[in-house]
Amino acid sequence: MTKLAKFKRPCGGYAVILAFALYCFAVPANAQFGAAAAQSQQGSQANPLPLSGRTGASGGVIATQTAIPGTTTSVNTLNPTVQVSGAYSGSANSTSARPFSGKVSLQEAVERAITYNLGTVGMNQALRQAHGQMRVARSALLPNVNGNFSETEETVNLAAIGVRFNVPTVPGVPSFGIPTLVGPFNYLDLRARLTQTVADFTARNNYRAAQESLRAAQFSADDARDLVVLATGGAYLQVIAAKARVQSAQAQLETANAVYQQTQMQLQFGKVPQIDVNRSQVAVLTQQQRLISLQNDVAKQKINLARLTGLPPNEQYDISDDVPFAAAPPLTLDEAVKQALDQRADLKAAEAQVRAAERAVTAARDERYPSLSVSADYGAIGTNPGQARGTFTAVATLTVPIWRGGRTEGDIEETDAALRQRQAELEDQKSQIESDVRNAYLDLQAAASQVQVAEQNLDVTRQTLAQERQRFEAGVSNDVVVTQAQESVASAELDYINSVFAHNVAKLSLARAIGNAPQTLHQFLQFP
C-alpha cells in the first residue's frame with residue numbers, strides 16, 4: 001500500500017467528523033440546542049362545548065295578576081298566573097335518587113325542584129363552566145411543567161440546508177472532500193421543561209375577570225333557585241285551587257240533585273208541572289259538566305307540577321298540604337324594597353358582571369405593558385442511556401410590545417363596549433327589582449281586600465240559598481229561584497277560591513321579589 005493511500009483513509013474519517021460537527025452548529029433544530037429556542041410543548045386542550053344543546057334553554061318565571069270580570073259578572077277580580085318558560089318548565093327524574101311515597105308536600109316539591117329542575121341544573125352547570133374558565137385563566141400565571149422523551153435516527157443532506165464546502169488545493173498536500181450527506185446517526189433525549197410567567201398584567205387581570213364571572217355565575221345560580229321556588233310554589237297553589245273548585249262543584253252537584261229529587265216528588269203529588277222537573281234536571285247536568293271540566297283541570301295542573309319537580313309526568317299522585325288564607329308578614333313597602341336591594345341574587349350577579357367587565361378593560365389596556373417570562377429545561381442526551389450526559393438550558397424573555405397592528409386599541413374598544421352595556425343593565429336591574437316589589441305589594445293589598453269581600457259575598461249567598469230552599473219546600477217559591485240562588489253560591493265560592501289563590505300568589509311573588517325565597521317561603525306561606 002502506498003503512503004498516499006495510507007494518508008487518505010484517516011483524512012476521510014476526519015472529514016466526516018468535521019461535517020457532523022458543522023451540522024450540529026448549523027442546524028438549530030437538533031435535540032439539545034433546539035430545545036432552548038423552541039416553545040414549551042403542552043398537551044392538547046379540549047374545546048369547550050356549549051352548555052346546552054337546546055335552543056332557548058335559559059327561560060324564566062314571571063308571576064302576573066290581571067283584573068278580569070269575575071264569575072258573578074258584577075265586579076272585576078284578580079286573575080293570577082305564573083308563566084314558566086324555557087328550561088324552568090322541565091326537570092330531570094327525581095324519583096331514582098329520592099323515593100316518592102305518592103303524596104307530595106309543598107316543601108318536598110320545592111326541594112325536588114331546586115335539585116332537579118332544568119333551570120337550576122343548567123345554572124349549576126354554568127357555574128361549573130365558569131369555574132373551569134377561571135382555572136384556565138389562572139393557568140397562565142402558574143408554572144407549566146412538561147416532560148418528553150425522544151429517540152431520533154437521522155440522515156442529513158448538508159447541501160439541502162445551504163452548507164457548502166470549498167476545500168482549496170494545497171500543493172504537496174493530498175486533496176480530500178467533505179461529504180454532503182451526514183449519517184445515519186441516532187441519539188436519545190429525556191428532558192423536563194418548565195415555563196413560568198413572572199410579570200404579565202394582562203393575564204393577571206384576565207384571571208381577576210374570570211373570578212368575578214365565577215361570582216356572577218354563583219349569584220345567578222342562587223337567583224335560579226328563587227325562580228324555581230316561584231314556579232313550583234305557583235304550580236302547587238294552582239293544584240290546591242283546582243281541587244277547591246272541584247270540591248265546590250261536587251257540593252253544587254249534590255245540591256242540584258237534592259232539588260231535582262224534590263221536584264220529582266212534588267210532580268208526583270201534582271204540586272209542580274213537568275217543566276220544573278226538566279229545569280232541575282238541566283241544572284244537574286250542567287253541574288256534572290262543570291265537575292268533569294274541573295276534574296280535568298286538576299289532572300293537568302298535577303302533571304304540570306310533576307314536570308317542574310322531576311316526578312313522573314302523570315296525575316297519579318296527591319298533594320298533602322293546604323295553604324289557607326293567612327295575613328302576610330308585617331312588612332312595609334320601603335322595608336321590602338330595601339331588603340330586595342340588599343338580598344336579590346340577580347342584582348349581585350349584575351354587579352359582579354360589571355366588575356368583571358372593568359377587569360377586562362384593564363386587561364386590554366395592560367397589553368401595552370411589557371411582560372416577563374422564564375423557561376428552563378434539564379435532561380440527559382446521548383447515543384444510548386449509558387452514554388447520556390446531563391444538559392440544561394435557562395432562558396428569561398422580556399417581551400416589549402411595539403406595534404400590534406391596532407390589536408390593543410381594538411380590544412380596549414370591545415371590552416369598553418361590554419362594560420358600558422353591563423353598567424346600563426345594572427341600572428335597569430335595580431329599577432326592575434323595585435318594580436317587582438311594588439307590583440307584588442300592590443297585588444297583595446288588592447288580593448287581601450278581595451278575599452274579605454269574597455268571604456262576605458259567600459256568606460250572604462249561602463244564607464240566600466238556604467232561605468230559598470226553605471221557601472221552595474214550603475211551596476211558596478219555585479225551582480227557578482232556587483237554581484238562581486245556587487248559581488250565586490257557586491259563583492261566590494269560585495270568587496273566594498280565586499281570591500285566596502291570588503293572595504297566596506301575591507305573597508309568593510313578594511318572597512321572590514325580596515330574595516332568598518327558599519329560606520323565607522314558610523314566612524310568607526303558612527303551611528305545615
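## Helix α3 and its cover

In this predicted model, helix α3 spans residues 106-116, and its buried residues are Leu 106, Glu 108, Ala 109, Val 110, Arg 112, Ala 113 and Tyr 116. The elements that cover them include β3, α4 (118-139), α5, α6 and α11.

Two of these buried residues carry charged side chains that pair with each other: Arg 112 and Glu 108 form a salt bridge, 2.9 Å from N to O. Both belong to α3 and sit 4 residues apart, about one turn of the helix. An α-helix has 3.6 residues a turn, so residues three or four places apart point the same way. Arg 112 has a relative accessible area of 0%, and Glu 108 has 15%; since buried means under 20%, each counts as buried.

## Other salt bridges

The structure holds 20 salt bridges. One of them joins the side chains of Glu 367 and Arg 404 at 2.9 Å, N to O. This pair links distant parts of the chain, 37 residues apart: Glu 367 is in the loop between α8 and β7, and Arg 404 is in the loop between β8 and α9. Glu 367 is buried at 16% relative accessible area, whereas Arg 404 is partly exposed at 38%.

Within helix α9, Glu 434 and Arg 438 lie 4 residues apart, about one turn, and their side chains meet in a salt bridge of 3.1 Å, N to O. Glu 434 is partly exposed at 30% relative accessible area, and Arg 438 is partly exposed at 37%. Asp 189, Arg 191 and Asp 377 are joined into one network by salt bridges that share partners.

## Aromatic pairs

The count of aromatic pairs comes to 2. In one, the ring centres of Phe 100 and Tyr 317 are 6.1 Å apart and the planes meet at 70°, so the pair is edge-to-face. The partners are 217 residues apart and link distant parts of the chain, with Phe 100 in the loop between β2 (76-85) and β3 (103-104) and Tyr 317 in the loop between α6 and β6 (318-319). Phe 100 is partly exposed at 24% relative accessibility; Tyr 317 is buried at 6%.

Phe 201 and Tyr 369 also form an edge-to-face pair, with 6.1 Å centre to centre and 85° between the planes. Phe 201 lies in helix α5 (residues 201-268), and Tyr 369 lies 168 residues away in the loop between α8 (345-365) and β7 (371-382). Phe 201 is partly exposed at 41% relative accessible area, and Tyr 369 is partly exposed at 46%.

## Helix α6 and backbone angles

Helix α6 has 36 residues (274-309), which at 1.5 Å a residue should span 52 Å; the C-alpha atoms at its ends are 53 Å apart, in agreement. Gly 310, just after α6, takes a positive phi of about 85°.

Asn 516 has a positive phi near 60°, in a residue other than glycine. Asn 516 sits in the loop between α10 (479-514) and α11 (517-524) and is partly exposed at 33% relative accessibility.

## Surface and overall make-up

Leu 398, Val 400, Ile 402 and Trp 403 make a nonpolar surface patch with about 550 Å² of accessible area together. Trp 403, in the loop between β8 (389-399) and α9 (407-473), is exposed at 68% relative accessible area.

The protein has 11 helices and 8 strands. Of its 528 residues, 39% are buried. About 29200 Å² is exposed, with 54% supplied by carbon and sulfur atoms. Among contacts between residues at least 6 apart in sequence, 80% join residues at least 24 apart.

Notes. Residues numbered from 1 in each chain as written. Heavy atoms only, no water. Helix = DSSP H or I, 4+ residues; strand = E, 2+ residues; numbered from the N terminus. Expected span 1.5 Å × (residues − 1). Buried < 20%, exposed > 50% of the residue type's maximum accessible area, 1.4 Å probe, protein only. Contact = heavy atoms within 4.5 Å. Areas by Shrake-Rupley, 256 points an atom, 1.4 Å probe, with all protein chains shown as cover. Patch = residues over 30% accessible without salt bridge, like charges linked within 9 Å, V, L, I, M, F, W, Y side chains within 5 Å. Salt bridge = Lys/Arg side-chain N within 4 Å of Asp/Glu carboxyl O. Phe/Tyr/Trp six-rings, centres within 6.5 Å; stacked < 30°, edge-to-face > 60°.
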